[in-house]
Amino acid sequence: SPYRNNFFASLHLYYDDGSFVDDFISTRIAEEANDSKYEGKPVMFGELGYQDDGVVIVDNNNMHRQLWATLMSCGAAGASWCWDIIEDSNLYTHYVAVSTFANLIDFENTSYYNYKTAFINETNAFGYVGNASAYLWIYKRNFGNISSASYTVSNLNNGNYTVNWYNTVTGNIISTENKTVTNGNLSLTTPSFTDDIAVQVIPQ
């Protein structure tokens with residue numbers, strides 16, 4: 001059961017049903033982080049993991065998606081109980097890109113609404129949208145290649161914006177484009193990507 005105080009909710013979340021892990025790592029985390037029982041508080045996952053017959057599974061795919069899913073769905077941390085596996089397999093590299101992207105988001109000074117859109121060309125998207133900026137993480141369900149997927153971001157101020165697409169493994173910008181918002185809505189179409197991609201929308 002979660003621990004709740006006046007500032008945040010902290011919980012341990014494990015999933016074990018013998019099926020593929022993607023729905024848990026992405027969709028289930030987002031649902032739990034935004035559950036009404038936490039009264040709008042941010043959620044910190046003190047422990048988080050996928051189990052197969054009671055054995056916690058930690059690998060590159062799990063580690064990567066668990067970090068991005070917690071960051072981009074109003075959660076945080078997502079610490080794995082199996083720290084020794086992370087150490088032995090040098091999975092710490094997954095923190096580089098996610099921390100780079102997290103540092104772009106102005107959580108302290110900007111009021112964001114939580115963005116969540118599912119099932120667009122086999123992809124889902126989570127993230128944050130403010131009046132003058134947006135940050136989204138878009139991933140392919142069950143992994144693989146995506147030629148493109150289009151999402152609409154609403155409630156932006158009218159004006160000119162820079163759209164930066166980020167590689168979620170290296171933290172580097174893949175491509176940049178300029179967009180103009182005239183009615184509060186911004187249409188985003190991803191470049192081709194494998195597994196997942198992140199996007200930053202900022203005013204020019």
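A pocket is here an open set of grid points with protein on both sides within 12 Å along at least five of seven lines, and its lining residues have an atom within 4 Å of a point. With that in hand, the second largest pocket of this predicted model can be described. The second largest pocket is lined by 15 residues, and those nearest its centre are His 64, Val 169, Thr 194, Asp 195 and Asp 196. Two or more lining residues come from each of helix H2 (60-71), strand E14 (193-194) and strand E15 (196-203). Helix H2 provides the largest share of this lining, with four residues. Sorted by class, the lining holds seven polar, five nonpolar and three charged residues. The volume of the second largest pocket is about 180 Å³.

Attention now turns to charged pairs. Side chains of opposite charge can pair when their charged atoms come close. Two salt bridges are counted in the model. One of them joins Lys 37 to Asp 35, with 3.1 Å between the closest N and O atoms. Both partners have intermediate accessibility: Lys 37 is partly exposed at 35% relative accessibility, and Asp 35 is likewise partly exposed, at 28%.

Glu 122 forms a salt bridge with Lys 140, where the closest N and O atoms are 3.5 Å apart. Glu 122 sits in the loop between strand E6 (113-120) and strand E7 (123-129), while Lys 140 belongs to strand E8 (residues 134-140), so this pair ties together parts that are 18 residues apart in sequence. What is the relative accessibility of Lys 140, and is the residue buried or exposed? The value for Lys 140 is 10%, and the residue therefore counts as buried, the cut-off for that class being under 20%.

A further buried polar residue deserves a look. Asn 164 is found in strand E11 (residues 159-166). Its relative accessible area is 8%, so Asn 164 is buried. Which side chains does the side chain of Asn 164 meet in polar contacts? One such contact, at 2.8 Å, is with the side chain of Gln 200, and another, at 2.9 Å, is with the side chain of Thr 176. When neighbours within four places in sequence are left aside, the residues in contact with Asn 164 are Ile 173, Ser 175, Thr 176, Ala 198, Val 199, Gln 200 and Ile 202. Thr 176 and Gln 200, the polar partners named above, are thus among the contacts of Asn 164.

Technical notes
Residues are numbered from 1 along each chain as its sequence is written. This is a predicted model: local features need pLDDT of at least 70, side-chain atom pairs count only at pLDDT 80 or more; totals for chains, interfaces and linings use all residues. Side-chain values use heavy atoms; hydrogens and water are left out. On a 1 Å grid over the protein atoms alone, a cavity is a set of points where a 1.4 Å probe fits but cannot get out, and a pocket is an open set with protein on both sides within 12 Å along at least five of seven lines; lining residues have an atom within 4 Å of a point. Grid points are joined across faces, edges and corners, and a volume is the space filled by probe spheres set on the points. Ala, Val, Leu, Ile, Met, Phe, Trp, Tyr, Cys and Pro count as nonpolar, Asp, Glu, Lys and Arg as charged, and the others, Gly among them, as polar. A salt bridge is a side-chain nitrogen of Lys or Arg within 4 Å of a carboxyl oxygen of Asp or Glu. Buried means under 20% relative accessible area, exposed over 50%, partly exposed in between (1.4 Å probe, protein chains only). A polar contact is a pair of N or O atoms within 3.5 Å; within protein, one must be able to donate a hydrogen and the other to accept it, and residues adjacent in sequence count only if both atoms are side-chain atoms. Contact means heavy atoms within 4.5 Å.
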